[in-house]
Amino acid sequence: MSDRWKRRPLDPITLMGLWIGVIGRRFCYDDGMKCGLALFLAAVVTGMLSLVACTGSGRENLNPKVAPIPRKTVVWLTEEGVDAETAERLAAVGVDQLVVRRGTIRLSGAAPVVQLLRSPTVEGPIPAAVALEVHGLGSSDHDRAAAAVWAVLEADFGSRLPTELILDLSEIGDAASGFVSELAQHSGLAVVPVLTVSHAGTEAGRAVAKAAHRCIVPVFGSQDDDLRGLGEMKSQPLAVRLAAIKDLGIRVRLAAALRPKCEPDVGGWAEDIDALTAEDAAEIKRTSTLDRSFLTRSPLTWAGRSFGVGQTIAVAWVDAARLGLFLTECHRAILPEMEGWDLVSLPPEGPNLGLDREELIGYLGGQGPAPTVEVDVQRSRQNLTVRITNPSVFRSAITSFSNWVQIELESGALVATSRGSFDRVVLGALEDGEWRANPLGGPNAVRFVETYLAPGEVLTTGTIRLPTSRSRVRVRWQIQLSDGSSVTGAVE
């Protein structure tokens, strides 16, 4: 993964060693004491050893008081698993661990029931953990239940033990912490509970986190079918949502659900939104139960479903720009130990609504999140057209006004009547460098607006007629991202 997310500050031990070294150095120079020199050298060696310890092995240790480890990126898989080529690419961009969902543990009866799904094929070099849903944690006989559960799991795993047992706890009672602790003892593996924000705010939830020495907290995304509790305290800053567990001395991973959400549900990972953004296809509504709603203007088929005129399609999605906001907030979180983040789950090959697999891999490798804009100005005497291409896997925001290509005339007036393959064309004028749409006089500028620039999309303006073959023009463009930032450029 790109170093932008894995840089870490100096740990307190290193800082203390360097501070002692400065004091020893002062004694050495001010008083000429040999002991001061010895103290200085010892402190420098201590600091160097501490730096090596912090940047060396990433091996796990359940002791929450160990020196900080590099933050890790964990990617959950669907039932399709992952092939060797994709796993190699994920490893190359810094993915440290994969997770497969394997089934359900039910503890409410006289004896535990473990229902395991078929294990997906997981190839390649990245170690994998196992996630299990847990229901009915009411028994007080922790040891017997944990021993029985581990016997079933161990028989299934054989010699290929997972790196972790991740427990998605549907409810948390007083018995939960004991079960987690005993399962860790019987298995010898790290047992990692998934705690919703509301669970983390209870005494039982905090006890579970302390028993495991770590936890995963879902905090980002819209698809609560993949991660429970995503809507809890959503409008609150991350520090507020994690306040209940920040002083427990545990390691925390934050989780993001990457799969988009649609109402009505289209099942699976929805296709790219481009088909809905054309003006003759649907009207875009910012007031929505999710991120955006589309009111259909004509019958259409999208994401495998047919929609008639006047139907509303609400969507919420995560693209690379929004994922960047999540990772930035994680990076700034103040906790005893931020262990990393879980991305749930690996997107399919695109084009998709939100992240494509190529987009995720590219972003983790340090590319994006802005689309690449290539501009080709084609001119024949008084006639001019502009073609823009986005050869990248990244995309723009969905906006009715902020994605555009603008042709500006140095003097005189221009004529433009066709929008070409853009969504809209707007005539305007530049007054003191400021754009004004629909001027009263002759237009000296025209703006071609695109609601959404999709990965790989190619757009061509309609023909612009200039006053003369020698008229000087300037072409500018702006593309907005879903995090609110914009990319701009110009050619003359």
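Which side chain does the side chain of Ser 170 join through a polar contact of 2.9 Å? That partner is His 135. Keep in mind that this is a predicted model. Here's a quick tour of the chain as a whole, then the surroundings of Ser 170, the nonpolar cores, and a buried acid, Glu 450.

**The whole chain**
- The protein chain has 492 residues, and 47% of them are buried.
- You'll find eleven helices and 26 strands along the way.
- Take the contacts with a separation of 6 or more: 70% of them come from residues 24 or more positions apart.
- About 23,000 Å² of the protein chain is exposed, with 51% of that supplied by carbon and sulfur atoms.

**Around Ser 170**
- Ser 170 sits in the loop that runs between strand E5 (164-169) and helix H5 (176-187).
- Is Ser 170 buried or exposed? Partly exposed is the call, because its relative accessible area is 25%, and the partly exposed class runs between 20% and 50%.
- Besides the His 135 link, the Ser 170 side chain has a polar contact of 2.7 Å with the side chain of Glu 171.
- Setting aside neighbours within four places in sequence, Ser 170 is in contact with Val 134, His 135, His 199 and Arg 228.
- Leu 137 is 33 residues away from Ser 170 in sequence, yet their C-alpha atoms are 8.9 Å apart in space.

**The nonpolar cores**
- The largest nonpolar core has 70 residues, and the members touching the most others are Leu 254, Leu 323 and Phe 326.
- Helix H4 (residues 142-157) gives this core its largest share, six residues.
- A second core, separate from that one, has 20 residues, among them Val 386, Val 405, Leu 414 and Val 473.
- Back in the largest core, what does Phe 326 contact beyond its neighbours within four places in sequence? The list is Val 219, Phe 220, Leu 254, Ala 255, Ala 256, Trp 341 and Leu 343.

**Glu 450, a buried acid**
- Look for Glu 450 in the loop between strand E22 (445-449) and strand E23 (458-460).
- Glu 450 is buried but has no salt bridge. Arg 419 is the nearest side chain of opposite charge, 6.8 Å away, whereas a salt bridge needs the charged atoms within 4 Å.
- What the Glu 450 side chain does have is a polar atom 3.2 Å from the backbone nitrogen of Asp 423.
- Not counting residues up to four places away in sequence, Glu 450 touches Thr 399, Asn 403, Ser 421, Phe 422, Asp 423, Glu 457 and Leu 459.

Methods:
Residues are numbered from 1 along each chain as its sequence is written. This is a predicted model: local features need pLDDT of at least 70, side-chain atom pairs count only at pLDDT 80 or more; totals for chains, interfaces and linings use all residues. Side-chain values use heavy atoms; hydrogens and water are left out. Helices (H or I, at least four residues) and strands (E, at least two) are DSSP runs, numbered from the N terminus. Buried means under 20% relative accessible area, exposed over 50%, partly exposed in between (1.4 Å probe, protein chains only). Contact means heavy atoms within 4.5 Å. A polar contact is a pair of N or O atoms within 3.5 Å; within protein, one must be able to donate a hydrogen and the other to accept it, and residues adjacent in sequence count only if both atoms are side-chain atoms. A nonpolar core is a set of buried Ala, Val, Leu, Ile, Met, Phe, Trp, Tyr and Cys residues joined through side-chain atoms within 4.5 Å. Lys and Arg count as positive and Asp and Glu as negative; His and the chain ends are not counted. Accessible areas come from the Shrake-Rupley method with a 1.4 Å probe; for residues, only the protein chains shown count as cover.
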